[in-house]
Amino acid sequence: MRRPGSQWARQARPLAALRHATQRHHPAYLDRPAAMAEHVAALADALRTPGRRLRILGDPARPRAFVLQAACPENWTGRPLLQASAEADPRDPDAVTWMARTAAMLSLARDPAYLLSLDIAHAASVPRLASVGLGVDSVTLVGQTAPALARLMGHRPPPDSLHHLGLQVDRLRPQDVDAALRLKQRVFAAAPQWAWFAAWPEHLAQTRGHWLDGCRDPHALLFVVRQGPRILGVFEASPQGDTGAWGPSAGIDLCLAPEVQGQGAIWTLYRILLTALARRGVRVFRGGTAQPGVLVAAERLGRHPTTLHVRPAPRLPIEHFMGFKMSGLGRAHARPVPG
Ligand SMILES: CC(C)(COP(=O)(O)OP(=O)(O)OC[C@H]1O[C@@H](n2cnc3c(N)ncnc32)[C@H](O)[C@@H]1OP(=O)(O)O)[C@@H](O)C(=O)NCCC(=O)NCCS
């Protein structure tokens, strides 16, 4: 008997193999069948989406490059999104050029929102994408928890509390949730370039539910920074389970009020979260960012860029990223893909 959806899995397998071949060069990537299975599942999901668009260069059984675009709800807000992914053999310059051109061409029908995820190996395609009004919004960074913690503690161990700044770190309680949400809304409404969706009502409603669940979970790594009764920060690590490509993983979110930014509190926040994640055997921590403080910290913690998130009408110029080694974008202008 045929398993439902297996035709999509079959079609996805050669595309997944190309993706796997590119990603296996990332330092923390687990080159194993479970990683391939994860790519197959994600690509099969996109392939079975009504109205999806797929372009392949070469033999579909052994593609040199592909671009796949499908409508799906956004993770962060639930709003409709045209999600594009593109892949090419990085050692095949003609395939990379075809991929950048095809992604640019397909993106012209973007409506209402568009996001292209591109492996950092294809950073040189960024100028080509810029010619159709696309630009880098953020970069996914992957860090290995235990080595990152060792680097953090080996360099200049940060304090394990924020008492030196007159601040206290506590677990988030249900009665703090509304103040913490107001803080998040205030911070990101004033600075949408660091996370354009983070002050949107849909995202805040989603966060509210997640935080209230976290308050009930004694294992949740969900904290606030307070000064007396005032909430001046909220930060968390959210375990994402054992992923095929990275093993046990977690996301990290940090948000400090402008009043307490710029004083190095980030190092203590990382110390608290990474210590807890390392104790639980969480192998990697992953997350997207454009934030200078996080990119600087990434270098110290030995995190690596894996994916570029490319959107229309970027809020940040490409030069913003080029100063940060960990953005992986220094090479984008060094040898741009021909238009
Ligand atoms: C991002 C955030 C957590 C950083 O925390 P912070 O404690 O304010 O971090 P700092 O500004 O002290 O910067 C951390 C390091 O980066 C360096 N840094 C910050 N901005 C920099 C820049 N533009 N260029 C070079 N270095 C920079 C700092 O010098 C510091 O290094 P040091 O301690 O060795 O001097 C905090 O600013 C914040 O919550 N911002 C708003 C919300 C947000 O953007 N969250 C992240 C979303 S991904």
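Guide: Welcome! A starting point for the strands: two of them pair when DSSP finds at least two bridges between them. The model here is predicted.

Visitor: How do you know that β4 and β11 pair?

Guide: There are four bridges between β4 and β11, in the antiparallel sense. Pairing needs at least two bridges, so the four between β4 and β11 qualify them as a pair. One place to look is serine 117, whose bridge partner in β11 is histidine 309.

Visitor: What makes β3 and β4 a pair, and in which sense do they run?

Guide: Strand β3 (residues 80–88) and β4 share five bridges, and the sense is parallel. Five bridges meet the requirement of at least two, so β3 and β4 pair as well. For a residue to find on screen, take alanine 86, which has leucine 118 of β4 as its bridge partner.

Visitor: Why is strand β4 called largely enclosed?

Guide: A residue is buried if 20 or more other C-beta atoms lie within 10 Å of its own. Five of the six residues of β4 (residues 114–119) are buried, and therefore the strand is largely enclosed by the rest of the structure.

Visitor: Why is alanine 313 called exposed?

Guide: Alanine 313 has 9 other C-beta atoms within 10 Å. The cut-off for exposed is 12 or fewer, so alanine 313 counts as exposed. Alanine 313 sits in the loop between β11 (304–312) and α10 (318–322). Its phi is near 45°, a positive value in a residue other than glycine.

Visitor: And what makes glycine 244 partly exposed?

Guide: Glycine 244 has 17 C-beta neighbours inside 10 Å. Buried takes 20 or more and exposed takes 12 or fewer, so with 17 glycine 244 falls in between. You will find glycine 244 in the loop between β8 and β9. Apart from neighbours within four places in sequence, glycine 244 is in contact with Ala34, Ala35, Ala37 and Glu38.

Visitor: How do you know that the span of α8 is close to the expected one?

Guide: The expected span is 1.5 Å times one less than the number of residues. For the 15 residues of α8 that gives 21 Å, and the helix reaches 22 Å from its first C-alpha to its last. Just after α8, glycine 281 has a positive phi of about 75°.

Visitor: Which residues of α8 are buried, and what do they pack against?

Guide: The buried ones are Ala265, Thr268, Leu269, Tyr270, Leu273, Leu274 and Leu277. They pack against several elements, including α5 (145–155), β10 (284–289) and α9.

Visitor: Which residues are closest to the ligand, and how many surround it?

Guide: The ligand is surrounded by 19 residues, the closest being Trp194, Ile266, Pro292, Gly293 and Val296. Two or more residues of this shell come from each of β9 (247–256), α8 (265–279) and α9 (292–301). With five residues, α9 gives the most.

Visitor: How do you know how many charged residues that shell has?

Guide: Asp, Glu, Lys and Arg count as charged. Sorted by class, the shell holds twelve nonpolar residues, seven polar ones and no charged ones.

Visitor: Finally, what are the bounds of the domains?

Guide: The domain assignment gives domain 1 (6–140) and domain 2 (144–305). Their contact takes 19 residues from domain 1 and 18 residues from domain 2.

Key: Residues numbered from 1 in each chain as written. Predicted model: local features only at pLDDT ≥ 70, side-chain atom pairs only at ≥ 80, totals over all residues. Near = placed C-beta within 6 Å. Domains from an automatic or database assignment. Contact = placed C-beta atoms within 7 Å.
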